[in-house]
Amino acid sequence: MTEFLDQIFIIAKNGALNFLGVFLPDWMILLARILISVVTLVAIAPVVMMYMTWLERKVLGRIQNRYGPNRVGIFGLLQPIADGIKMLTKEDLVPKNADKVIHFIAPMVIVIAPLLVLAVLPFGRNLIAADLNVGLLFFLGVSTFGVIALFMGSWSSKNKYSLLGGMRAFAQMISYEIPMLLSVVPVILTTSSLSTVAIVEAQLQGKWFIFTPWGGFASLVFFLCGVAEVNRTPFDLPEAESEIVAGFHTEYSGMKFALFYMAEFISTFAISGLAVTLFLGGWDGPGILPSWFWFGLKTLILILIMIWFRGTLPRFRVDQLMGFAWKVFLPFTLGNIFIAALWVSLPFPGNFIADTIGITVILTLLQVFNRKEMPKKRKYLCAN
Amino acid sequence: MFGWGIFKGMLVTLWNFLLTYFYPKKGIFTVQYPEKKIPVAQRYRNFPFLVYDGTPHMIRCVACKICEAECPPKCIYIVPEKDPEGKVLKKPAVFDIDYAICMNCGICEEVCPFDSIYMDHEYELSKYQRTEDLMAHKEELLKPWEHFAKIRPLDFERIEAKRAAKNAKAKPAAPAESSAQKPGPGLIPPRQGQEK
């Protein structure tokens with residue numbers, strides 16, 4: 001029974017393919033095999049996004065001592081659908097001086113990247129759309145591509161706020177991409193594979209990478225960089241509503257605006273999914289419940305933590321944001337690779353001692369070098 | 001320690017989040033408006049209403065037009081009723097209040113010598129149109145004296161005592177006429193011309 005529930009989606013897919021095989025030629029079956037996975041992902045992603053907005057509004061509301069949406073349907077469960085209808089009926093405005101073609105394309109391009117990366121996420125045992133042997137590289141490469149669409153939107157709007165938001169997004173995403181990649185390197189070092197499935201299989205039976213010294217820090221850095229990567233609070237400078245009206249999507253309305261949000265939420269989901277895959281053992285969990293449930297649960301927890309961040313933390317200043325990436329994360333992740341190498345190469349008691357020493361040294365150095373220099377007493381040169 | 005402040009802040013928000021579920025009295029303050037309402041204070045005032053005793057025919061207003069004259073934005077319009085011979089009766093035929101003009105000052109309530117106009121607690125007055133829909137006519141303005149007792153019990157007691165004292169003074173003058181009328185709960189002062 002557990003086995004059946006675990007594999008229910010694969011069984012359903014194979015059943016559908018067998019049924020189609022009765023009256024379709026072989027090459028169409030091959031096409032159908034791809035299409036079923038693709039269509040499922042593309043159909044589920046917007047639903048996930050809709051209910052993430054609902055969850056976010058609910059949890060944020062509760063954090064701020066109020067009910068979230070609770071008018072449309074029970075617990076406000078139909079709220080996302082009502083919002084969708086509202087978005088579709090809104091007037092679609094294009095600024096007079098905008099670059100119309102790029103302004104039109106940008107919201108469509110921006111959802112492509114988060115939809116593509118879902119293909120390499122292992123949602124459960126055997127439950128992956130495409131088990132690429134460079135899956136991790138694919139994910140990190142394609143998710144960066146979203147920033148170009150974002151900049152397309154901001155540039156083509158011909159609006160100073162949009163452009164500022166786009167510039168900030170570019171600076172932020174490129175800065176945070178580097179520590180994010182470097183924090184993943186120890187995982188690749190340990191598993192010697194770039195395939196997401198192989199990475200999960202290396203962590204089965206509770207040997208999650210988050211429990212190792214290097215993994216704990218790497219997962220923290222990865223998660224924070226992920227939050228920055230998807231422009232969520234406290235790293236939401238590109239759309240800082242109190243500074244630059246709405247950042248890169250100032251000039252968008254209606255469904256185009258909703259597509260920007262969709263991209264943001266799907267990439268939030270994808271980043272959380274990748275963090276689960278890399279550090280939290282993916283679909284590994286007690287065998288009583290199906291593997292996809294454990295993946296979903298862990299992803300949900302990470303999403304909730306992101307919402308929790310949003311309900312708690314104020315926005316970074318631009319210089320703090322850049323300083324955080326370049327002065328804290330980057331040296332730390334570089335050192336972390338060395339720590340992971342020590343962990344892998346030394347025998348059991350030695351690696352613990354070496355890692356403890358290494359992490360202490362790195363943290364101390366970071367503390368020392370990042371200390372703010374404040375002059376004790378002001379010297380007024382022209383006092384007399 | 002580095003990051004300790006963030007951790008403390010996160011705990012605060014988590015605490016607030018949990019309070020809303022496990023101790024809603026302390027954690028959640030929203031009043032779910034159409035279903036629940038915050039009770040308004042007794043001295044809250046919005047738009048005036050006209051008082052009647054017992055049945056809607058027994059309007060206290062005698063169409064003296066004092067409120068019409070005193071009203072600062074001139075939102076009250078009164079036409080007294082006339083009998084077939086053209087004699088003016090002490091009763092309004094038309095009593096209109098334009099809600100679009102009324103500024104809720106409550107001066108009409110203060111100047112009325114017959115205790116017949118009081119400020120109401122009604123505040124859900126959305127209308128589709130601002131000229132005719134917002135013009136309240138006599139029929140919509142009329143409310144029983146018991147309504148006043150319900151919305152403003154303290155004022156009701158005070159006014160009842162005042163009216164009783166006044167009535168006791170006036171009573172010996174016209175005992176026959178007041179007995180002819182059906183006495184309402186508020187002891188109506190004797191009126192002339194109402195029998196005709």
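These are my notebook entries on a predicted model with a chain A and a chain B.

**Entry: chain B overall**

I began with the elements of chain B. I found eight helices and six strands there. Read from the N terminus, they run α-α-β-α-β-β-α-β-β-α-β-α-α-α. I then looked up burial. Of the 196 residues in chain B, 37% are buried. I also looked at contacts in chain B between residues at least 6 apart in sequence. Of these, 67% join residues at least 24 apart.

**Entry: where the chains meet**

Next I turned to the contact of chain A and chain B. How many residues does each chain bring to the contact? Chain A gives 15 residues and chain B gives 17 residues. The two chains bury about 1500 Å² between them, and 63% of that is on carbon and sulfur atoms. I asked which three residues of chain A supply the most of its buried area. They are Arg62(A), Asn65(A) and Trp308(A), with 41% of what chain A buries against chain B.

I searched this interface for salt bridges and found one. It joins Glu35(B) to Arg71(A), and the closest N and O atoms are 3.1 Å apart. I also noted eight residue pairs in polar contact between chain A and chain B.

Then I looked at which elements of chain A face chain B. Both α3 (26-63) and α11 (291-312) of chain A supply at least two residues each to the touching side. The largest share, four residues, comes from α11(A). By type, the residues on this side of chain A are seven nonpolar, five polar and three charged.

**Entry: salt bridges within the chains**

I counted salt bridges over all chains and got 18. I picked out a few.

Glu56(A) and Arg232(A) meet in a salt bridge at 2.9 Å, N to O. Glu56(A) is in helix α3 of chain A and Arg232(A) is in the loop between α9 and α10, so the pair ties together parts that are 176 residues apart in sequence. Are these two residues buried or exposed? Glu56(A) is buried, at 3% relative accessibility. Arg232(A) is buried too, with a relative accessible area of 3%.

I moved on to Arg57(A). Its salt bridge is with Asp83(A), and the closest N and O atoms are 2.9 Å apart. Arg57(A) is in helix α3 and Asp83(A) in helix α4 (residues 79-89) of chain A, 26 residues apart. Arg57(A) is partly exposed at 37% relative accessibility. Asp83(A) is partly exposed as well, at 25%.

In chain B I looked up Arg152(B). It forms a salt bridge with Glu109(B), with 2.8 Å between the closest N and O atoms. Arg152(B) is in the loop between α6 (145-151) and α7 (153-170), while Glu109(B) is in helix α4 (residues 107-111), 43 residues away. Both Arg152(B) and Glu109(B) are buried. I followed the shared partners from there. One network joins Arg43(B), Glu109(B), Arg152(B), Asp155(B) and Arg158(B).

**Entry: aromatic rings**

I counted 30 aromatic pairs over all chains. One of them is Phe324(A) with Phe329(A), a tilted pair at 4.6 Å centre to centre and 45 degrees between the planes. Why is this pair called tilted? The angle is 45 degrees, and tilted is the class for planes neither under 30 degrees apart nor over 60. Phe324(A) is buried at 16% relative accessible area, and Phe329(A) is buried at 5%. Ring pairs link these two with Tyr176(A), Phe235(A) and Phe316(A) into a cluster.

**Entry: backbone details**

I checked some backbone angles. The peptide bond from Thr233(A) to Pro234(A) is cis, with omega near 0 degrees. Pro234(A) is in the loop between α9 (213-229) and α10 (254-279) of chain A.

Ser192(A) is not a glycine, yet it has a positive phi of about 45 degrees. I placed Ser192(A) in the loop between α7 (160-191) and α8 (196-201) of chain A. Ser192(A) is exposed, at 64% relative accessibility.

Ala63(B) is not a glycine either, and its phi is positive at about 55 degrees. Ala63(B) is in the loop between β1 (48-52) and α3 (66-70) of chain B. Ala63(B) is buried, at 10% relative accessibility.

**Entry: Leu5(A)**

I ended with Leu5(A), in helix α1 (residues 2-6) of chain A. Leu5(A) is partly exposed, with a relative accessible area of 31%. Leaving out residues up to four places away in sequence, Leu5(A) touches Pro290(A) and Trp292(A). The C-alpha atoms of Leu5(A) and Phe293(A) are 10.0 Å apart, though 288 residues separate them along the chain.

Notes. Residues numbered from 1 in each chain as written. Chains lettered and ligands numbered in written order. Predicted model: local features only at pLDDT ≥ 70, side-chain atom pairs only at ≥ 80, totals over all residues. Heavy atoms only, no water. Contact = heavy atoms within 4.5 Å. Buried area = accessible area lost by both parts, 1.4 Å probe. Salt bridge = Lys/Arg side-chain N within 4 Å of Asp/Glu carboxyl O. Polar contact = N/O pair within 3.5 Å; in protein donor to acceptor, adjacent residues only side chain to side chain. Nonpolar A, V, L, I, M, F, W, Y, C, P; charged D, E, K, R; others polar. Phe/Tyr/Trp six-rings, centres within 6.5 Å; stacked < 30°, edge-to-face > 60°. Buried < 20%, exposed > 50% of the residue type's maximum accessible area, 1.4 Å probe, protein only.
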